[in-house]
Amino acid sequence: MKQGGESRKRQEIKHMFDRLSGHYDVLNRMITFGFDSGWRRRVIERANLSPGKRLLDVGSGTGDMVFTALRKEPLVRATAADFSFAMIKKGRSRPGGDQIPWCSADALKLPFSDNTFDAVTSGYLIRNVLDPLKAFQEQLRVLKPGGVVVCLETSPPKQNLVRPLILIHLKLVIPLLGRLVGGNQSAYTYLPNTTRGFMKPNEMVATMQKAGFESVSCRLLMFGTMTIHCGRRPKRS
Ligand SMILES: C[S@@+](CC[C@H](N)C(=O)[O-])C[C@H]1O[C@@H](n2cnc3c(N)ncnc32)[C@H](O)[C@@H]1O
């Protein structure tokens with residue numbers, strides 16, 4: 001994509017998330033049947049945080065991942081970064097939100113020095129960025145050597161018995177909920193479409209390895225529709 005086209009696309013995605021911010025949390029719970037909270041807890045477990053460790057959550061939205069981390073380990077030093085001001089504003093207004101450092105940041109150009117964080121997490125970010133490899137390279141750069149990356153994402157539905165049900169959920173239920181609850185069908189058509197066109201889990205592993213991560217692993221959840229990918233920045237890099 002040409003540079004002008006890229007920046008237009010980036011603006012469109014940013015505005016879409018700005019518009020979604022008001023209903024995002026409620027719709028997220030409905031679309032995932034409330035399971036997303038458990039998946040976030042698993043991400044935070046994999047991030048292996050202890051008191052004083054530094055966590056960055058990229059594409060943090062209204063901060064669910066950071067709130068989950070702080071509930072598990074209140075003394076972790078967590079930063080939430082997102083390029084949607086409306087998402088940040090909504091997150092900051094949540095109980096305890098004023099205690100979190102929120103950062104307006106593009107995942108493809110993080111405003112942090114090299115070797116800053118012990119862990120970097122993301123939830124449903126990577127399928128929205130224009131260059132997933134660059135996003136992982138940035139996450140690697142800001143991680144300390146030996147630091148971990150943990151990524152929660154959706155995955156294209158596999159050929160299995162529940163595939164027809166998953167397709168109904170993606171093609172009909174999510175857009176309908178988007179229209180009824182959020183008053184925004186187009187965004188909730190875009191989001192499932194990005195899932196169907198997204199990388200397969202093994203392609204994501206390869207992208208993370210190409211970015212420089214080692215010990216990359218993938219865990220499939222919910223009939224293979226959700227994934228948690230983990231990797232480590234090599235100690236010597
Ligand atoms: C689907 S939401 C997920 C929010 C949150 N992580 C969660 O798990 O609920 C994706 C978020 O990524 C943000 N995002 C998308 N592309 C981004 C980019 N290039 N840089 C920073 N944030 C981005 C959006 O603004 C949005 O808040």
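Helices α3 and α4 make a right-handed crossing. Keep in mind as you work that this is a predicted model.

**Exercise 1. The α3/α4 pair**

Task: Describe how α3 and α4 pack: what are the angle and the distance between their axes, and which residues meet?

Solution:
- Step 1. Two packed helices are described by the angle between their axes and the distance between the axes.
- Step 2. Find the helices: α3 covers residues 36-47 and α4 covers residues 64-72. They pack at about 60 degrees, with axes 9 Å apart.
- Step 3. Now look at who touches whom. From α3 come Arg40, Arg41, Val43 and Ile44, and they meet Asp64, Met65, Thr68, Ala69 and Lys72 of α4.
- Step 4. Sort the residues of this contact by class: 4 are nonpolar, 1 is polar and 4 are charged.

**Exercise 2. One face of α2**

Task: Take α2 (residues 24-31), find its buried residues, and work out why they line one face of the helix.

Solution:
- Step 1. The buried ones are Tyr24, Leu27 and Ile31.
- Step 2. Look down the axis of α2: these residues fall within an arc of 70 degrees, so they line one face of the helix.
- Step 3. The general rule helps here. An α-helix has 3.6 residues a turn, so residues three or four places apart point the same way.
- Step 4. Go past the end of the helix. Phenylalanine 33 follows α2, and its phi is positive, near 55 degrees.

**Exercise 3. Both sides of α9**

Task: For α9 (residues 201-211), which residues are buried, which exposed residues sit on the face turned away from them, and what do the buried ones pack against?

Solution:
- Step 1. Met204, Met208 and Ala211 are the buried residues.
- Step 2. They take up an arc of only 60 degrees around the axis, so they end up on the same side of α9.
- Step 3. Turn the helix around: the face away from the buried side carries exposed Asn202 and Lys210.
- Step 4. The packing partners of the buried residues are α6 (132-142), β6 (214-221) and β7 (226-232).
- Step 5. Just after α9 comes glycine 212, with a positive phi of about 120 degrees.

**Exercise 4. Threonine 154 and company**

Task: Is threonine 154 buried or exposed, and which residues beyond its sequence neighbours does it contact?

Solution:
- Step 1. Threonine 154 belongs to strand β5 (residues 143-154).
- Step 2. Count C-beta neighbours inside 10 Å. Threonine 154 has 20, so it counts as buried, since the cut-off is 20 or more.
- Step 3. Skip neighbours within four places in sequence. Threonine 154 then contacts Tyr124, Arg127, Thr195, Phe198, Thr225 and Met226.
- Step 4. Check one of those contacts: tyrosine 124 lies in the loop between β4 (117-123) and α6. It has 19 other C-beta atoms within 10 Å, so it is partly exposed. Its phi is positive, about 55 degrees, although tyrosine 124 isn't a glycine.
- Step 5. Now try methionine 222, in the loop between β6 and β7. Methionine 222 and threonine 154 are 68 residues apart along the chain, with 9.8 Å between their C-alpha atoms. With 17 C-beta neighbours inside 10 Å, methionine 222 counts as partly exposed. Its phi is positive too, near 50 degrees.

**Exercise 5. Around the ligand**

Task: Which residues come nearest to the ligand, and how does its shell divide by class?

Solution:
- Step 1. Of the 20 residues around the ligand, the nearest are Phe17, Gly59, Gly61, Ser84 and Gly123.
- Step 2. The elements giving two or more residues to the shell are α1 (3-20) and α4.
- Step 3. By class, the shell holds 10 nonpolar, 7 polar and 3 charged residues.

Note on methods
Residues are numbered from 1 along each chain as its sequence is written. This is a predicted model: local features need pLDDT of at least 70, side-chain atom pairs count only at pLDDT 80 or more; totals for chains, interfaces and linings use all residues. A residue is buried if 20 or more other C-beta atoms lie within 10 Å of its own, exposed if 12 or fewer, and partly exposed in between; C-beta atoms are placed from the backbone. Helices (H or I, at least four residues) and strands (E, at least two) are DSSP runs, numbered from the N terminus. The arc is that of the directions from the helix axis to the C-beta atoms. Axes are lines fitted to C-alpha atoms, for helices over the stretch in contact, and angles run from 0 to 180 degrees between N-to-C directions. A crossing is left-handed if the near helix is turned anticlockwise from the far one by less than a right angle, and right-handed if clockwise. Two residues are in contact if their C-beta atoms, placed from the backbone, lie within 7 Å. Ala, Val, Leu, Ile, Met, Phe, Trp, Tyr, Cys and Pro count as nonpolar, Asp, Glu, Lys and Arg as charged, and the others, Gly among them, as polar. A residue is near a molecule or strand if its C-beta atom, placed from the backbone, lies within 6 Å of it.
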